[in-house]
Amino acid sequence: MVFSSTTFIFIFLPVTLLLVWLAPPRVKNYSVLFFSLVFYAWGEPLYILLLLLSSLVNYASAFIIHRRGMMTVNIVFNLGLLALFKYAAFIVDTLNSAAVISIAVPAIPLPIGISFYTFQALSYVIDVHRGHVDVQRRFDHFLLYLAFFPQLIAGPIVRYSDIREQLPHRKMSFEETAAGLSRFTMGLAKKLLLANPMAVVVDRLYEVEPFSFFGSWLIAIAYVFQIYYDFSGYSDMAIGLGRMFGFRFKENFDKPLAAFSVRDFWRRWHISLTTWFREYVYYPLGGNRAGRGRTIRNQLIIFLLTGLWHGAAWNFVLWGLWHWFFLSIERLILRSRRWPKIAGHVYTLSVVIFGFVLFRAPSLTAALSHMRAMLMPWYSSAPVAAAIQEVATPLFWIAMAVCVVASIRWTPDIRVHDKLRWGWVALLWICCLLNLSAST
């Protein structure tokens, strides 16, 4: 069940919200936990057992984490589960290719949200080990932290330290629910009205070869908007849903397409993920305190992991290395130079757009073909031109224009304008409902 589905919007969310509102204060957390487990079981009826196993092991581990070797055992358990379900096929396939051997590639379905709840569990146990937080003695509170449905399947990655006081003391109110509904609506509109129209064009044009110069740039730009408004839309919906139930989550995107350097981009893009890697991998490796060479090495490790976190395939690894390369160039060469902001913006957008070609392309060969076409203005293709005329409708170009305007740093945040909020919310809901009805 996804947040933009009619089942979630018209059945699950209103029923859950109503029943949690009506529940006595002492059982509100139990109510939210019950519906969170129902939400997960809806799409993963078997793998809910894996979620419960992870919860039990990490809950119990925290009580004995200071014993010798327990931190290592816990890390091996969590990363082992993640490797088994997410990376086993990738590892075996890579070994088959590298060693010219033949091992059957395991066909293990990927549990929804395993990356998110694994990282959240790890952050909790590590923080307990470091003495940053106390052990959570109530299993129901810990399970709610891991399984709370708004952030379970698509983030943001919530650290236990950020909501430990909210678990026993959160309060629901009409004002908070209304603010959460407004934020949820903004995310839903990003997903349905901006990301989805971009996806239609991207998917259709990737079926047509060879690429033309204009078509390759159109695909690349449309895909950047698709991935941004998809990711940030789900984050907005999660933050809004959390607020409806009395939880406050930190922001996860801060207009990254308005960045003026690759470093600035990663301060704004998937903030919860970059914060996690910084706190639990980069700093323990020494961060930037051990000299320039080790700093670059540490960043290389971080971006290898960042690529792998997004997907078990070499194109994601190369996407991470692409960003690491330009981040290193900025640190080694460009950091001391002053340049116009517009030049920095153009440079950053170029790096991001080319990089996401690696992210989206079905193979490295297709990615290189796509990039080559982006650098050849004389490339043309009649099939691509016909496909563009077919899918790039006036509504698509309007959506593209909105994508551009909404990504700019100076765009007003309509959430702060209380008098306009509900007019915008109503208008966006009408547009979203029309979109849902048209798609069904």
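# A guided tour of helix packing and aromatic pairs

Begin by selecting helix α10 (residues 174–205) together with helix α18 (residues 382–391), whose axes come within 10 Å and cross at roughly 155°. That angle makes α10 roughly antiparallel to α18, and the crossing of the two helices is right-handed. To see what makes the contact, show the side chains of Val201, Arg204 and Leu205 on α10, and those of Val384, Ala387, Ile388, Glu390 and Val391 on α18. Coloured by class, the contact of α10 with α18 shows six nonpolar residues, two charged ones and no polar ones. Keep in mind throughout the tour that this is a predicted model.

**Around helix α17**

Next, select helix α17 (residues 364–374), and add helix α16 (residues 341–360), which packs with α17 at an angle of about 150°, the two axes being 8 Å apart. Here α16 is roughly antiparallel to α17, and the crossing of α16 and α17 is right-handed. On the α16 side the contact is made by Ile353, Phe354, Val357 and Leu358, while α17 contributes Leu364, Ala367, His370, Met371 and Met374. The residues of this contact of α16 with α17 divide into eight nonpolar, one polar and no charged.

Keep α17 on display and bring in α11, since the axes of α11 and α17 come within 8 Å and cross at roughly 115°. The crossing of α11 and α17 is left-handed. For this contact, select Phe213, Ser216, Trp217, Ile219 and Ala220 of α11 along with His370, Ala373 and Met374 of α17. By class, the contact of α11 with α17 has six nonpolar residues, two polar residues and no charged ones. It is worth highlighting His370 and Met374 of α17 at this point, as both are listed in the contact with α16 and both are listed in the contact with α11.

Before leaving α17, pick out serine 369, which lies in this helix and is partly exposed, with a relative accessible area of 25%. If you draw a distance from serine 369 to arginine 297, the C-alpha atoms are 30 Å apart in space, for a separation of 72 residues in sequence.

**Aromatic pairs**

Now turn to the aromatic side chains, of which a search of the whole structure finds 57 pairs. Select tyrosine 145 and tyrosine 160, whose ring centres are 5.5 Å apart and whose planes stand at 75°, so the pair is edge-to-face. This pair links distant parts of the chain, with tyrosine 145 in helix α6 (residues 139–147) and tyrosine 160 in helix α8 (residues 160–163), 15 residues apart. Tyrosine 145 is buried, with a relative accessible area of 1%, and tyrosine 160 is buried as well, with a relative accessible area of 5%.

Centre the view on tyrosine 145 and show its surroundings: leaving aside residues up to four places away in sequence, tyrosine 145 touches Gln120, Ser123, Tyr124, Gln151, Val158, Arg159, Tyr160, Ile163 and Leu167. For a sense of scale, add isoleucine 64, which is 81 residues from tyrosine 145 in sequence and 20 Å from it in space, C-alpha to C-alpha.

The next selection is tyrosine 228 with tryptophan 269, an aromatic pair that is tilted, at 6.2 Å centre to centre and 35° between the planes. Tyrosine 228 lies in helix α11 (residues 213–244), whereas tryptophan 269 lies in the loop between α12 (262–268) and α13 (271–282), so the pair ties together parts that are 41 residues apart in sequence. Both tyrosine 228 and tryptophan 269 are buried.

**Two residues with positive phi**

Stay in the loop between α12 and α13 and select histidine 270, which is placed there. Is histidine 270 buried or exposed? Histidine 270 is buried, with a relative accessible area of 4%. Its backbone also deserves a look, because most residues other than glycine have a negative phi. Histidine 270, although it is not a glycine, has a positive phi of about 45°.

Finish in the loop between α11 and α12, where lysine 255 is found. The phi of lysine 255 is near 45°, again a positive value in a residue other than glycine.

Technical notes
Residues numbered from 1 in each chain as written. Predicted model: local features only at pLDDT ≥ 70, side-chain atom pairs only at ≥ 80, totals over all residues. Heavy atoms only, no water. Axes fitted to C-alpha atoms, helices over the stretch in contact; angles between N-to-C directions. Helix = DSSP H or I, 4+ residues; strand = E, 2+ residues; numbered from the N terminus. Parallel < 35°, antiparallel > 145°, perpendicular 65-115°, else oblique. Left-handed = near helix turned anticlockwise from the far one by under 90°. Contact = heavy atoms within 4.5 Å. Nonpolar A, V, L, I, M, F, W, Y, C, P; charged D, E, K, R; others polar. Phe/Tyr/Trp six-rings, centres within 6.5 Å; stacked < 30°, edge-to-face > 60°. Buried < 20%, exposed > 50% of the residue type's maximum accessible area, 1.4 Å probe, protein only.
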